[in-house]
Amino acid sequence: MTTSLFSHVPAYGGDPILSLMETFQNDPRANKVSLSIGIYFDEEGRLPVLESVRQAETAGLQAIGPRPYLPMEGAAAYRDAVQKLVFGAGHEAVRSGRIATIQSLGGSGALKVGADFLKRYFDGAEVWVSDPTWENHTALFEGAGFKVHAYPYYDHATGGLRFDEMLACLKALPARGIVLLHASCHNPTGVDLTPGQWRQIIPVIAERGLIPFVDMAYQGFGDGLDEDAFAVRALADAGVQFLVANSFSKNFSLYGERCGGLHVVCADAPTADTVLGQLKATVRRNYSSPPTHGEAIITRVLTDPALRALWQQELAAMRARIKSMREALHRGLGEHFGGTRDFGYLLTQRGMFSYTGLSEVQVNALRDAHAVYLVRSGRMCMSGLSTRNVAYVAQAMAKVLK
């Protein structure tokens with residue numbers, strides 16, 4: 001008998017969130033509620049097709065032509081439009097040409113290319129991520145060969161931020177330490193730095209010579225497109241050189257198209273040109289070039305004034321619906337506890353996610369007894385709530401919390 005060449009390869013344990021979604025899909029209970037995966041659902045529990053996207057895609061169908069490979073860095077019009085969205089069209093860094101921007105395979109692809117680039121040119125550096133952070137942050141940087149540490153972030157006692165501890169940690173990091181920061185709508189906690197706190201952190205980053213890598217996966221889901229980019233623009237204003245990953249999965253509801261961007265803010269335009277060349281080389285070693293369909297839709301929306309206005313209206317409506325669900329859940333839990341327990345964190349946390357404070361035992365009880373699905377950390381995806389199920393979810397949470 002031939003010995004298997006791959007007999008030493010261990011079985012993959014599966015992604016915990018995607019595996020949980022499979023369990024949810026197979027759950028026969030009619031009252032089941034999914035609050036796990038980070039996808040925006042509308043009031044009817046459906047993945048929306050934005051009207052701005054529909055119109056842009058329809059217009060594109062009228063001009064079907066050849067589909068050659070895009071350049072390694074992506075489509076020029078897309079890169080220009082995305083850079084202006086992230087940094088602001090009038091920002092000095094944009095006007096001076098000191099930002100190297102590539103089209104990426106979603107936010108994850110931007111993080112991967114950025115991690116590979118940093119490993120090649122800052123090989124001795126190590127990475128710090130927030131405690132907690134999106135699990136794939138650690139996996140991506142470890143996969144690139146970095147040693148990954150955590151800096152203090154979420155306060156389990158208050159549902160807020162351990163800001164003083166975070167600041168002290170940053171002050172002690174070595175020069176050229178890479179710090180993964182969330183621009184807004186922190187995943188998984190929903191706890192964000194205020195503009196005032198960013199203003200305290202940015203000088204520390206500059207003085208310590210740290211390398212920030214900002215992940216902006218939810219631009220527009222917190223307070224607005226410009227407001228959610230505050231940290232990115234403030235870092236650029238301060239002359240900090242850093243990386244930004246952005247994604248269009250959520251704010252365009254184009255998850256499967258895998259559209260995003262990676263931006264490296266440099267000291268000057270010649271350096272940005274050099275960095276762009278090495279980003280292209282990094283892309284070539286990974287996937288050669290990005291796809292065309294999604295970027296064409298996004299470019300059309302971002303560059304057509306009418307479509308862009310419509311998109312911003314739709315994004316504002318999604319943002320408002322999430323906020324209303326936070327308020328409804330806060331109200332419902334308050335009614336069950338009669339003011340004896342504080343659920344104010346639901347109102348101060350922002351974006352699609354909230355840390356509920358539920359233990360893994362309580363999360364399991366919520367799923368097994370009530371068919372309400374959260375990930376084991378207690379993170380809740382707020383967009384899974386609707387006017388039809390929020391009262392039921394509040395009642396179920398109250399039962400496992402009492």
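Q: Is phenylalanine 141 buried or exposed, and what is its relative accessible area?

A: Burial is read from relative accessible area: under 20% is buried, over 50% exposed, and in between partly exposed (1.4 Å probe, protein chains only). Phenylalanine 141 has a relative accessible area of 0% and is therefore buried. The model is predicted, so local features need pLDDT of at least 70 and side-chain atom pairs pLDDT 80 or more, while totals for chains, interfaces and linings use all residues. Residues are numbered from 1 along each chain as its sequence is written, and side-chain values use heavy atoms, without hydrogens and water.

Q: Which residues of α6 are buried, and why do they lie on the same side of α6?

A: An α-helix has 3.6 residues a turn, so residues three or four places apart point the same way. In α6 (helices are DSSP runs of H or I, at least four residues, and strands runs of E, at least two, numbered from the N terminus), the buried residues are His137, Leu140 and Phe141. They lie on the same side of α6 because they cover an arc of only 90° around the axis, taken from the directions from the helix axis to the C-beta atoms.

Q: Against which elements do the buried residues of α6 pack?

A: With contact set at heavy atoms within 4.5 Å, they pack against α5, β3 (127-131), β4 (148-152), β7 (178-182) and β8 (211-216). Glycine 145 follows α6 and has a positive phi, near 105°.

Q: How many aromatic pairs are counted, and how is one described?

A: A pair of aromatic rings is described by the distance of the centres and the angle of the planes. Rings of Phe, Tyr and Trp (its six-membered ring) pair if their centres lie within 6.5 Å; planes under 30 degrees apart are stacked, over 60 edge-to-face, and the rest tilted. The count is 13 aromatic pairs. Phenylalanine 141 and phenylalanine 213 make an edge-to-face pair, 5.8 Å centre to centre with 90° between the planes. This pair links helix α6 to strand β8, its residues being 72 apart in the chain. Phenylalanine 213 is buried, at 0% relative accessibility. Phenylalanine 343 and tyrosine 345 form a tilted pair, at 6.3 Å centre to centre and 55° between the planes. Of these two residues, phenylalanine 343 is buried at 3%, and tyrosine 345 is buried at 12%.

Q: Which residues form one aromatic cluster?

A: Tyr78, Phe248, Phe252 and Trp311 form one such cluster.
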